[in-house]
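Please explain, term by term, how the descriptions of this model are reached. Each answer should set a value against its definition.

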There are 4 protein chains.
Amino acid sequence: MSLETVRQLALRVRNWGKWGPDDEIGTLNYITPEIIARASQLVTAGKVFALGIPLQRNGPQSGTRPRFNPIHTMFRDGGDQPRDAAAVLEMQGYGGSDDWIVMPLQCVTQWDSLAHVFFEGKMYNGFDATLVTSSGAAKNSIDKTKNKIVSRGVLLDVARYKGVQALAPGYAITVEDLEGTAAAQKVTVQRGDILLIRTGFMSRYLEKGNWNYFDLDDSPGVSVHTAPWMHAREIAAVASDNYAVEVRPSELPPLRSPFHICAIPNMGLTLGEIFYLDELAADCATDGRYAFLLVAPPLPVTNAVGTPINPYAMK
Amino acid sequence: MSLETVRQLALRVRNWGKWGPDDEIGTLNYITPEIIARASQLVTAGKVFALGIPLQRNGPQSGTRPRFNPIHTMFRDGGDQPRDAAAVLEMQGYGGSDDWIVMPLQCVTQWDSLAHVFFEGKMYNGFDATLVTSSGAAKNSIDKTKNKIVSRGVLLDVARYKGVQALAPGYAITVEDLEGTAAAQKVTVQRGDILLIRTGFMSRYLEKGNWNYFDLDDSPGVSVHTAPWMHAREIAAVASDNYAVEVRPSELPPLRSPFHICAIPNMGLTLGEIFYLDELAADCATDGRYAFLLVAPPLPVTNAVGTPINPYAMK
Amino acid sequence: MSLETVRQLALRVRNWGKWGPDDEIGTLNYITPEIIARASQLVTAGKVFALGIPLQRNGPQSGTRPRFNPIHTMFRDGGDQPRDAAAVLEMQGYGGSDDWIVMPLQCVTQWDSLAHVFFEGKMYNGFDATLVTSSGAAKNSIDKTKNKIVSRGVLLDVARYKGVQALAPGYAITVEDLEGTAAAQKVTVQRGDILLIRTGFMSRYLEKGNWNYFDLDDSPGVSVHTAPWMHAREIAAVASDNYAVEVRPSELPPLRSPFHICAIPNMGLTLGEIFYLDELAADCATDGRYAFLLVAPPLPVTNAVGTPINPYAMK
Amino acid sequence: MSLETVRQLALRVRNWGKWGPDDEIGTLNYITPEIIARASQLVTAGKVFALGIPLQRNGPQSGTRPRFNPIHTMFRDGGDQPRDAAAVLEMQGYGGSDDWIVMPLQCVTQWDSLAHVFFEGKMYNGFDATLVTSSGAAKNSIDKTKNKIVSRGVLLDVARYKGVQALAPGYAITVEDLEGTAAAQKVTVQRGDILLIRTGFMSRYLEKGNWNYFDLDDSPGVSVHTAPWMHAREIAAVASDNYAVEVRPSELPPLRSPFHICAIPNMGLTLGEIFYLDELAADCATDGRYAFLLVAPPLPVTNAVGTPINPYAMK
């Protein structure tokens, strides 16, 4: 029954073929040069908000799933530097340090690619799921978006609109919530916008000073029933300050992530997760400006299905 | 003797203490909100140029040094998706893919942090090199710049100015070259600019279709004697389309990287390497506009000494 | 005060210089060809007990320290195989799979190298701790033992001797326990032996079916005061079925690992941790033979400070 | 045509079902407790030969394929140790080092699991290749052999038999070579033996002092036509001092690895590669004893398709 409900929603928002049979970027197609130019003009104060969380061992992944927190170590450090004049020459005068990282591509602030979720054996635009093998995603990989993820950003601070620090775990954000928030903020969602939806979920963990259970706890997030609204608004992407954009637990059990199913393989909507929105939200509340330039370049990892990012919201 | 020459140049450009004893970002301090706001107004056509090269096994690292090319594989792929209705329910309807990466932080298009190079046992602002241990850099790490790397970008296309596809391997770009290029391009280098210096070196490898020996071959690049000029211009950062910004082999053997020594530990100048500049350069040649908004957010890896990036040049 | 107690014990068991100033393997020097030949003659039934635990995501590391459980994924899998005759030829008939792993060298059943622990700035045989840099251990690394870790193994099943499934968390095994166990088992500890001390600690986790908190919980283990006894017996190595061989919490707070300090940097005693001993112990209880051939080759990782192993006890 | 030749050889040596429909270890079933006990009695001199090559950045993988050389770095090193009494207490007296590794499981001296090679969509014992996904091998993985890889080892030093330091690159070792070598060495190949075939290939690289092109160069190795002989002799495993056991280039182009196809998915024969045999071979030539105890425990990596090893040959 849940499966049937999702299937109907999925078909309603499906964009397969809309940008041709070879398209691999979906709703990012809504972003035009005009939109980018107009959004850039919003940067009048020179303020920059970095929306990426730190990449470190203490992070949002509990390690109970495939994803773990970034592991960062050194190849060379201060202990390897030359210690006297002879060593300086031997090392060509070049004391220095070098480091490396091991990380899931979706372990921190991130974009999901359109190859991240399958529905009934298919990816966005009808590509077969078996095109994702150990060699990576032959279609819909994140590198296809390498110069595509910049547009007008709009913050919808639902938590503030509702007058709470954070929405309750398990609260499903409705279309009415999104429209009410936009109206209260005096901002209009437009074609090509990248929506940043603030639930306040992350604020609780930042206040506690640790990320424990961030990926496992119940969480507020968008309802699966907001998918048609996003489809109608023709937004380019949506991101949130929680683990999965959508509410946890699912509204349609046993399906775990019905909004993901609607958004990624059907609508071709790029999702952003674990965005740090608190500083930006505080500033928007102060100056009343909820629209800005959002620049969030993916790392162009060939055939990858996600990417860590550090988006800049600029006003 | 070389060491003495470098020491004199280094002292001449040294910015220790200039922004207080606790400063860890050096010349990025030159970037002000006014500069950012003005640079954003340069975005009138909505054009976006992604300057990051692909992250993949076929890349610029020969593997003969600590650095290697990114290794990307999957946790889950299309072969793991549910294959029938029962499996769909068991897997909570959520067929999908997940992936991860292992990579040196300086293996692709990148920023060096100010903890990357030591000189005579010290980092930028006089911090001791022993503060960089296996635990990472306690000072001058890249995450200190997390919301700092956006400014006006200026392309100096030295190769085009010299009328060649690429400067000769081993050619040391002089102050006269930089000034001649700027004049020919009708652009003035200003305080807070991020300079992108095009040597054409990468174009050769892209044309050949492989990166073999990119990190080992002789390369054109800036002369160590441009350091005082950059210091006087008060630029915020400098990047290039080669492996090390500076010329290879070194002008001051046996020191391998004299410009690095001047720039990073002494001037506190952030360096960017392996920038893909060809598309941007072609566009600049066409519209005659060599200044633009450059947005190049680092991944905020805690205590790291470098970061992979995908900078956006926007016009 | 604790520090002083440890210092006195450490000096009492210190073997620096005993095998010359260049020695890097410590008590493994006790193992002679005669001992190996005699131990091999113990293999009369052809029974083999593998003492290594599985390398997998579900393992003994909680991830709260640097160590994490092994991460294993594929480069190529069944989804990448050729699917028709043309593909067979194109792929040279070679459908196959390839995989890789990321792991701390001490995350599973393991040997510590003599570079793993420092005391007052020194390693075993007086080598300076600063010889261990990001480049690895210039002295006392595990690869120095590459053909050295085979000898007579002796199981001391202290838990069984005490009549319990497992010793209580925090129980410190005494010299009397070790001697009582040996006597009850009718086995004599000899020079060059590799002692396997069974606390039963791991059995509890295996029974529960998960490793949760294995590395964090209080644990039975040897008392620091067994160090002089081991020194006098001239054993070659000691291993146990817990996380750290020694009891947790420490008998000498605030020092966390006083036995480690005595054993590794002072005695030069190789320690083995997280050994799976239950099957072997059951067999020894049945046939009354507590001595056997133990073959536990390290992976010869150059300059490494530990190694995962899968030791074979053979009877 | 080549495909047809291989298919016929494959069918001739196929052991599917021989040890039941659930078997996952193939010819390792030939090893019995009696064989192990008898082999152990061969250890009379107490000599130990470690057959594993070093795990380090300078190794046999050129990096042009998925496999690369092991990457080993530190979590903690001597630079992180406590530097004064206060730090000693704060760090609980425990100055030490910790390290980790990233490596393909088949990058050094190794065993291939029976899930490593597919033929016409199948693995050994008829299991489907699609059972190997990003989650690993659901059948025939290396951990199934965790206590199985010890037996009588027999060195067949073909290079010495032929009177050369190393067989010529591209030389295919024949059945006659194997039988001639055994006869000259006065050793009889028996059921359950692990054969070590020395080509001398590795000796050349060791003499040059680097591994460059070891994995790419033409190499001597066994002919595909030795497969039926191995099948008839009922050996348990075969290993060699080259990259792939079999000769390179292939005798049956365009098939790259026809012997692999016969051995792994059809015969269920465990292959060992990149074995260091020179010291062992020199000793065998001296004492005339070419049979010994071979103990080569795999790391029991769950669902893995290969394992690095450091086998001990003991006499």
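**Between chain B and chain A**

Q: How many residue pairs between chain B and chain A are in polar contact, and what makes a pair count as one?
A: There are 36 such pairs between chain B and chain A, with both residues at pLDDT 80 or more. A polar contact is a pair of N or O atoms within 3.5 Å; within protein, one atom must be able to donate a hydrogen and the other to accept it, and residues adjacent in sequence count only if both atoms are side-chain atoms. Strand β4 (residues 98-104) of chain B gives the most to the side of chain B that touches chain A, namely seven residues. Strands (E, at least two residues) and helices (H or I, at least four) are DSSP runs, numbered from the N terminus. By class, that side of chain B has 47 nonpolar, 30 polar and eight charged residues. Here Ala, Val, Leu, Ile, Met, Phe, Trp, Tyr, Cys and Pro are nonpolar, Asp, Glu, Lys and Arg are charged, and the others, Gly among them, are polar.

Q: What kind of model is this, and how are its residues numbered?
A: It is a predicted model, in which local features need pLDDT of at least 70 and side-chain atom pairs count only at pLDDT 80 or more, while totals for chains, interfaces and linings use all residues. Residues are numbered from 1 along each chain as its sequence is written, chains are lettered from A and ligands numbered from 1 in the order in which they are written, and side-chain values use heavy atoms, with hydrogens and water left out.

Q: How do you know that A:Arg67 forms a salt bridge with B:Asp98?
A: The closest N and O atoms of A:Arg67 and B:Asp98 are 2.8 Å apart. A salt bridge is a side-chain nitrogen of Lys or Arg within 4 Å of a carboxyl oxygen of Asp or Glu, so this pair qualifies. The count between chain B and chain A is two salt bridges. In general, side chains of opposite charge can pair when their charged atoms come close.

Q: What is the area buried between chain B and chain A?
A: It is about 7,000 Å², and carbon and sulfur atoms give 61% of it. Buried area is the accessible area (1.4 Å probe) that two parts lose on being put together, summed over both. The contact, meaning heavy atoms within 4.5 Å, takes 85 residues from chain B and 85 residues from chain A.

**Between chain B and chain C**

Q: Which residues in chain B lose the most area to chain C?
A: Chain B and chain C bury about 690 Å² between them, with 66% on carbon and sulfur atoms. B:Thr73, B:Phe75 and B:Trp100 lose the most in chain B, together 54% of what that side buries. Nine residues from chain B and nine residues from chain C take part in the contact. The rule finds zero salt bridges across this interface, but three residue pairs are in polar contact, both residues being at pLDDT 80 or more.

**Strands and bridges**

Q: Why are β1 and β16 of chain B said to stand at the edges?
A: The open sheet in chain B has nine strands in the order β1-β17-β15-β9-β11-β13-β14-β5-β16, with mixed pairing. β1 (48-50) and β16 (306-308) of chain B each have a single partner strand, so one side of each is left without a neighbour in the sheet.

Q: How do you know that strand β9 and strand β11 of chain B pair?
A: Two strands pair if DSSP finds at least two bridges between them; β9 (residues 150-157) and β11 (residues 194-198) of chain B have five, so they meet the rule. The sense is parallel, and B:Leu155 stands opposite B:Leu196 in β11(B). Between chains, five bridges join β4 (residues 98-104) of chain A to β4(B), and these run antiparallel. There, the bridge partner of A:Met103 is B:Ile101.

Q: What makes the salt bridge of B:Lys47 and B:Asp287 tie together parts of chain B?
A: The closest N and O atoms of B:Lys47 and B:Asp287 are 3.5 Å apart. B:Lys47 lies in the loop between α2 and β1 and B:Asp287 in helix α9 (residues 278-287), so the pair ties together parts that are 240 residues apart in sequence.

**Backbone**

Q: What is notable about phi of B:Asn140?
A: Phi of B:Asn140 is near 65°, a positive value in a residue other than glycine. Most residues other than glycine have a negative phi, and most peptide bonds are trans. B:Asn140 is in the loop between β8 (136-137) and β9 of chain B.

Q: Which omega goes with the cis peptide bond from A:Arg248 to A:Pro249?
A: Its omega is near 0°. The bond from B:Pro253 to B:Pro254 is also cis, with omega near 5°.
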